[in-house]
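I opened this one to get a feel for the fold and then picked a single element to look at more closely. Here are my notes.

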Amino acid sequence: MDAKKIGTFIKMMREEKKMTIDEFAKAANLESKAIIEYEAGVKKLNSKELTNISKALQVPLISVIWGEKPNWEQKPAIHRKEKL
């Protein structure tokens, strides 16, 4: 996992939802200081923290892990007609 990419994603999503760090920390059941460190990419998240953050942001857990919104329009290769 890329801590910097995840942190950038968390900050982007938090700001998109117009949440302050304190509001987000409370919603995610985490400390404000930890949120600042995650968003800066200086602290890695454990599975519980990832889950809490995905719930607070109302995004799929995989989005937080990848640090990006999923592209639901792109079908997996096995569902495409063309061969790879």
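**Surface and fold**

I started with the surface: the accessible area of the protein chain is about 6,000 Å², and carbon and sulfur atoms account for 54% of that. This is a predicted model, so I'm reading it as such.

Next I checked how much is tucked away. Of the 84 residues in the protein chain, 33% are buried.

Then the secondary structure. I found 5 helices and 0 strands in the protein chain, so to speak α-α-α-α-α when read along the sequence.

I also looked up the contacts between residues at least 6 apart in sequence. In the protein chain, 56% of these join residues at least 24 apart.

**Helix H2**

I picked H2, residues 21-28, for a closer look. Which residues of H2 are buried? I noted Phe24, Ala25 and Ala28. They sit on the same side of H2, because the arc they cover around the axis is only 100°.

I turned to the other side of H2 and found Asp22 and Lys26 exposed there.

What do the buried residues of H2 pack against? I wrote down three partners: helix H1 (3-16), helix H3 (32-40) and helix H4 (47-57).

Last, I checked what comes after H2. Asn29 follows the helix, and the phi of Asn29 is positive, near 60°.

Technical notes: Residues numbered from 1 in each chain as written. Predicted model: local features only at pLDDT ≥ 70, side-chain atom pairs only at ≥ 80, totals over all residues. Heavy atoms only, no water. Helix = DSSP H or I, 4+ residues; strand = E, 2+ residues; numbered from the N terminus. Buried < 20%, exposed > 50% of the residue type's maximum accessible area, 1.4 Å probe, protein only. Contact = heavy atoms within 4.5 Å. Areas by Shrake-Rupley, 256 points an atom, 1.4 Å probe, with all protein chains shown as cover. Arc of directions from axis to C-beta.
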